[in-house]
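The following exercises concern a multi-chain model. Please consult the sequence and the structure, attempt each task, and then compare the worked solution.

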Amino acid sequence: MSDGNVLDNADRRDFLGKATAAVGAAGVAAACWPFISSMNPSTDTLEKATTEVDISGIAPGQAQTVSWGGKPVFVVHRTAAQIDAMKNSQGGHDPQADAERAKNPEWLVVVGVCTHMGCIPSKNDDGWLCPCHGSVYDNSGRILHGPAPKNLAVPPVKFVSAEKIVIGEV
Amino acid sequence: MVSRVLGWIDQRFPLTPFIKHELTDYPTPRNLSYWWNFGFLAGFVLVLQIATGIFLAMYYKPDVNLAFDSVQHIMRDVNYGWLLRYIHSSGASAFFVVIYVHMARTLYYASYHKPRELMWWTGQGLMLLIMATAFMGYLLPWGQMSYWGAQVITNLFGVTPFFGDKIVLWLRGDFSVGDATLTRFFALHYLFPFLICGAVVIHLVALHTVKSSNPSGISLADKDNIPFHPYFTIKDFFGLGIYLIIFCAFVFFRPGAFIEAANNIPANPLVTPPHIEPEWYFLPFYAILRAIPDMLGGVVAMALSVLIFAILPFADRTGIPGGAHFRPAYRIMFYLFVVDVLILGYVGSQPPLGFVVPLGQVATFVYFGTFFLLPFISKWEERWMRARGLPPELLALFEQRPPREKLPREEVAK
Amino acid sequence: MKRWLVFMSCYLAFNAWGEAELPLNKIEVATDLPTLERGAETVMTVCVGCHSLKYIRFRELSKLGIAADKVDGWRGSNPMGTPVASQMPAEAAMASFGKAPPDLSLMAKAREGEADYIYSYLLGYYTTPEGTTGNHYYPATKMPDILAVAGVTDSTQHAQLEQKAREVASFLSWAADPHAQERKALGYYVLGYLVVFTTMLYFLKQKIWSKLDRA
């Protein structure tokens with residue numbers, strides 16, 4: 001028995017009950033956030049997102065392995081001959097142009113984890129050979145033959161100066 | 001939809017009947033005051049401590065070389081790590097505030113009497129588990145006070161005749177508090193809260209068997225019970241809101257209130273801080289420990305001061321229900337006891353010099369004296385009250401059952 | 001009367017034993033960036049000569065808002081993630097002072113009085129009749145009078161030193177608790193929410209309980 005314009009007691013309490021429950025639920029959800037957020041990488045771990053590499057000591061034909069986010073990364077200073085050979089091929093069963101993979105052709109930076117089962121390939125003159133199951137990669141890190149399905153991954157790289165590159169981005 | 005799912009479950013598991021019987025329709029005295037909120041609050045603090053504790057354990061390292069640094073890592077680098085840590089450290093103190101008020105409510109209304117003796121004893125078991133958990137947890141940050149507090153207290157077990165030294169060695173796993181001690185305290189600190197959860201379940205099963213006592217001190221008729229939901233669910237949540245306001249004021253604006261300055265210094269086995277004192281919630285017991293000059297006597301007195309609460313259902317020999325509500329002498333004893341515990345707390349916080357020493361000894365005497373006098377005072381008080389004439393509510397109750405004993409005057413008058 | 005005298009002398013003796021012989025000079029800890037920057041400047045150029053701040057990395061100084069060139073100046077060739085180390089190796093410190101200078105990251109929390117203590121201590125040096133320096137607040141200190149406070153009589157000069165001490169105490173307060181500002185800001189929101197929510201709970205409780213004995 002209610003006047004159409006005014007809520008009677010029962011409706012008013014119901015509204016208060018529903019509103020309180022909603023405000024409470026929002027509070028509980030907000031209270032969960034710090035717990036969930038705490039499991040994300042801490043501020044010092046986030047620094048591992050990028051790795052600075054001093055490339056001034058790497059002569060042409062040489063390569064250096066650095067750690068980036070816990071993974072090995074090959075930094076290769078390619079010779080002119082190697083660059084030419086790579087420019088003129090598309091790789092193996094995962095074709096990709098060399099220019100896409102090495103924006104600065106003198107330097108190839110690839111993640112040193114075989115795309116088959118995750119072993120670290122060994123360097124040779126023509127590229128890499130994975131000792132675990134025999135995958136063969138060229139000097140652009142592209143899979144030529146073997147069980148690995150894809151080319152070696154290319155991380156984001158910034159050439160900060162002639163002596164320094166930064167792998168990864170914040 | 002929901003009712004269909006529930007119906008499916010109910011055919012296989014007594015979910016809705018259980019919730020109805022133990023929560024929604026559960027009969028509760030209508031006159032419960034806010035002093036009855038503290039059991040629920042204790043449960044809430046337990047859950048929050050376990051939650052924050054588990055997330056802290058994701059970053060804490062229980063190794064003497066890493067522990068202090070790992071706590072700083074949590075405070076500075078982990079997202080909201082500072083918040084988790086402060087909730088956990090403040091929560092430990094909050095736990096004891098809530099528990100002590102909860103116990104005080106039981107003492108005031110003498111709810112430990114038949115049929116609630118098991119509630120009292122399971123509650124005591126819970127308190128011992130919580131004290132052990134807090135003591136072990138305090139070592140984990142590996143600060144100066146953490147280390148030296150653990151060193152002093154583990155030393156005390158050496159008073160055990162014959163095996164004292166072996167026991168201390170066994171407890172510590174090392175000649176003094178060291179890495180072995182830290183690791184095992186961490187393992188047990190993580191375990192005990194789950195033992196506490198089990199003990200809480202037993203405590204609640206006991207409660208649901210005998211039902212809540214109430215501030216009037218006498219059992220109410222069934223018509224005076226109301227369903228737990230919605231009356232006491234909303235009252236518990238409101239009480240929780242008030243509690244959270246006070247708790248969050250500490251966590252966000254005075255988080256250092258419960259962290260000793262000396263604990264911001266990494267533990268150094270070669271340097272003792274100027275005074276070693278436990279956290280505030282252990283101070284009265286610490287005062288009793290120091291009040292007895294002999295070490296074995298002090299340890300025995302301290303242990304007794306915690307365990308002696310167990311005798312209350314027997315020591316309090318009154319036939320008058322309701323505790324301090326009806327009984328004037330008991331009420332005075334209660335308030336005296338509370339003041340005495342506060343004095344002991346003060347004594348425990350001060351270096352044992354000057355007037356503090358005799359004050360602590362007097363307060364210890366009063367503490368144990370209360371328990372020893374209670375059997376006599378309770379009996380005398382009942383006699384005195386009956387001679388004066390009992391209040392009408394009690395008379396009505398006693399009409400239904402005979403008085404516990406005939407008073408000599410009644411015998412003579414006959 | 002005799003017992004009262006005994007009691008009072010015990011009481012006074014006990015009080016004299018107390019925490020600090022001298023009451024601390026209280027300051028209002030600054031949280032604004034310019035003061036913290038000046039405090040950082042003093043700490044990084046003067047204090048770090050002997051003290052480390054192992055829980056503060058250079059990156060945190062730049063995140064605080066201190067200019068990149070200042071931070072770079074202090075860290076030299078060390079990467080941003082390096083903790084602030086003391087310039088004096090431990091053995092040299094032991095030889096000069098007999099005790100390793102303590103790390104300062106938590107100093108603002110590790111002493112009763114916190115920032116007030118640091119401020120009072122830095123300004124608490126005085127010249128003894130024998131000509132050496134002592135400190136009112138920590139007589140056993142091996143640390144020299146780093147701000148050159150002892151013997152300063154000129155009030156303007158002393159005011160400058162007080163300013164400097166306040167900057168250092170404020171910076172060390174930040175170093176001990178970098179999340180303090182964030183914590184308090186969040187605290188206002190949380191308490192605001194809780195006050196609103198608890199009020200709603202209160203009215204809901206009243207409504208529900210008014211139903212009793214009325215249905």
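Domain bounds, as used below, come from an automatic or database domain assignment. The model is predicted: local features need pLDDT of at least 70, side-chain atom pairs count only at pLDDT 80 or more, and totals for chains, interfaces and linings use all residues. Residues are numbered from 1 along each chain as its sequence is written, while chains are lettered from A and ligands numbered from 1 in the order in which they are written.

**Exercise 1. Domains**

Determine how many Å separate the domain centres of chain C, taken over C-alpha atoms.

Solution. Begin with the bounds: chain C is divided into domain 1 (26–178) and domain 2 (184–209). The centres of these two domains, taken over C-alpha atoms, are 43 Å apart. Next, treat chain A likewise: its assignment gives domain 1 (1–40) and domain 2 (47–167), with 56 Å between their centres.

**Exercise 2. Confidence in chain C**

Identify where confidence in chain C is lowest and where it is highest.

Solution. The scale is pLDDT, the predictor's confidence in each residue, from 0 to 100. Chain C has a mean pLDDT of 88, and 89% of its residues reach 70 or more. Helices are DSSP runs (H or I, at least four residues), numbered from the N terminus. Confidence is lowest in helix α1 (residues 2–17) of chain C, at a mean of 48, and highest in helix α9 (residues 180–210) of chain C, at 97. For the model as a whole, the scores are ipTM 0.90 and pTM 0.88.

**Exercise 3. The contact between chains B and C**

State which element gives the most to the side of chain B that touches chain C.

Solution. Two residues are in contact if their C-beta atoms, placed from the backbone, lie within 7 Å. By this criterion, 27 residues from chain B and 31 residues from chain C take part. The elements of chain B that give two or more residues to this side are α4 (67–76) and α10 (228–253). Of the residues on the chain B side, α10(B) gives the most, with 14 residues. Classify the side last: it has 20 nonpolar, five polar and two charged residues. Here Ala, Val, Leu, Ile, Met, Phe, Trp, Tyr, Cys and Pro count as nonpolar, Asp, Glu, Lys and Arg as charged, and the others, Gly among them, as polar.

**Exercise 4. The span of a helix**

Compare the reach of helix α6 (residues 117–139) of chain B with its expected span.

Solution. The expected span is 1.5 Å times one less than the number of residues. Helix α6 of chain B has 23 residues, and 33 Å is expected. From its first C-alpha to its last, the helix reaches 34 Å, close to that value.
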